[in-house]
Amino acid sequence: MGSIGQNKPPVIDFSEVVGKPRSAEWVTAREQVRDALIKYGCFEATFDGVPMDTRKALLGSLKELFDLPLETKLRNSSDKPFCGYNGPSHRAPLNESIGIDDADVYNKVDGISMTNWQEGNPEFSRTIHSFSEKLSLLDRIVRRMILESLGLEKYMEEHLNSTTYALRLMKYNGPQTTDMKMGVCSHTDKNMLTILYQNKVEGLEVKLKDGDWISIKPKPECFIAMVGESLYAWTNGRLHCPLHRVMMTGNDARYSVGLFSNPKAGQMIKAPDEMVDDDHPLLFKPFDYNQFIESYASQPNRDPETSLKAYCGI
Ligand SMILES: O=C(O)CCC(=O)C(=O)O
Ligand SMILES: [Fe+2]
């Protein structure tokens with residue numbers, strides 16, 4: 001059930017909808033998804049498709065990876081923006097991250113193991129792969145519900161096949177003070193849909209439409225699903241794309257992961273005709289996602305809050 005009467009994203013239960021796209025439970029969850037994404041651009045999801053022991057193992061794998069010496073982590077290089085190893089920066093002063101493209105493909109994940117451990121690390125590969133593959137089902141369910149609720153069923157297969165899954169593994173060091181310190185600055189995600197999972201150390205905040213920031217407290221049973229700018233553009237602004245950030249206090253390290261559905265290379269993003277009318281004029285010129293990301297990443301003074309509007313807003 002969704003939480004009612006509070007100005008915060010609801011918790012939506014997906015346990016009863018897997019494999020039941022015509023059930024009453026599906027229709028109820030679909031309405032909650034639509035309402036939450038219009039109002040907040042995000043919601044919390046309970047989803048037993050990823051077993052609790054896989055989630056626990058994932059958090060253990062994150063610690064194991066980030067505990068490696070810096071020179072080992074630096075071997076995770078990539079010529080793609082936001083992939084490979086990224087150390088602390090002025091926009092993310094407490095954060096280290098490692099991005100894995102095609103994280104639902106075992107051999108790709110195993111390549112990361114071979115990069116970081118001399119003999120590989122099959123346990124790590126299995127955990128990351130299994131988590132990504134299982135969680136990608138939630139991404140497809142949510143996007144299916146979005147297209148159904150917007151009357152865009154005829155684009156379903158094309159849309160679902162237009163993306164790949166990247167998993168970003170993240171660690172935030174505790175700032176060692178009781179003051180609030182920035183972990184990652186306020187930004188929108190650029191991809192279609194993001195699904196986050198976090199350990200018990202809080203930090204994730206989302207900006208509501210009224211301007212208030214609210215904290216999304218970690219709950220082991222919940223994932224957080226969030227609209228990215230590509231989905232905002234594709235639906236021509238029908239769904240909200242929320243600003244979010246990470247704020248940290250205290251000594252404990254925060255570990256989190258994000259599963260990002262990213263438009264495939266060469267993919268143009270153009271709002272379907274059904275999304276454009278006199279009340280909803282076209283917001284963005286059609287754009288190539290990869291060219292947008294390359295351009296965004298290459299600007300030292302980029303604004304992480306309004307990047308797509310600056311790139312191709314009308
Ligand atoms: O660590 C988190 O919970 C959020 C990370 C995030 O916003 C991102 O990677 O885009
Ligand atoms: Fe984000």
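The following exchange between a trainee and a mentor concerns the sheets, helix contacts and ligand shell of a predicted model.

Trainee: On what conventions and confidence limits does the description rest?

Mentor: Residues are numbered from 1 along each chain as its sequence is written, and chains are lettered from A and ligands numbered from 1 in the order in which they are written. In this predicted model totals for chains, interfaces and linings use all residues, whereas local features need pLDDT of at least 70 and side-chain atom pairs count only at pLDDT 80 or more.

Trainee: Which are the edge strands of the open sheet of eight strands?

Mentor: Strands (E, at least two residues) and helices (H or I, at least four) are DSSP runs numbered from the N terminus, and two strands pair if DSSP finds at least two bridges between them. The order is β1-β2-β10-β7-β12-β5-β4-β3, with mixed pairing. Pairing on one side only marks the edge strands, β1 (11-13) and β3 (84-86).

Trainee: What is the average twist from one strand to the next in that sheet?

Mentor: Axes are lines fitted to C-alpha atoms, for helices over the stretch in contact, and angles run from 0 to 180 degrees between N-to-C directions. For the sheet ordered β1-β2-β10-β7-β12-β5-β4-β3, the twist averages 25°.

Trainee: Which residue of β12 does Tyr197 stand opposite?

Mentor: Strands β7 (residues 193-198) and β12 (residues 254-263) run antiparallel and are joined by six bridges. Opposite Tyr197 in β12 stands Val257.

Trainee: In the sheet of four strands, which residue of β11 is the bridge partner of Met182?

Mentor: This open sheet has antiparallel pairing in the order β6-β11-β8-β9, with β6 (177-187) and β9 (213-215) as its edge strands. Five bridges pair β6 with β11 in the antiparallel sense. The partner of Met182 in β11 is Met247.

Trainee: Which residue of β11 is the bridge partner of Val206?

Mentor: Strands β8 (residues 204-207) and β11 (residues 244-250) pair over three bridges, again in the antiparallel sense. Val206 has as its partner in β11 the residue His244.

Trainee: How many residues of the shell around ligand 1 are charged?

Mentor: A residue is near a molecule or strand if its C-beta atom, placed from the backbone, lies within 6 Å of it. Ligand 1 is surrounded by Arg168, Met170, Val184, Asp189, Leu196, Gln198, Leu204, His244, Val246, Ser256 and Gly258, and β5 (163-172), β7, β11 and β12 each supply at least two residues of this shell. Ala, Val, Leu, Ile, Met, Phe, Trp, Tyr, Cys and Pro count as nonpolar, Asp, Glu, Lys and Arg as charged, and the others, Gly among them, as polar. The shell therefore divides into five nonpolar, four polar and, as charged residues, two.

Trainee: Is α1 roughly perpendicular or oblique to α5?

Mentor: Angles under 35 degrees count as roughly parallel, over 145 as roughly antiparallel, 65 to 115 as roughly perpendicular and the rest as oblique. Helix α1 (residues 24-39) packs against α5 at about 80°, with the axes 9 Å apart. The arrangement of α1 and α5 is therefore roughly perpendicular.

Trainee: How do α4 and α5 lie to each other, roughly antiparallel or oblique?

Mentor: The axes of α4 (residues 106-116) and α5 (residues 122-149) come within 9 Å and cross at roughly 140°. The relation of α4 to α5 is therefore oblique.
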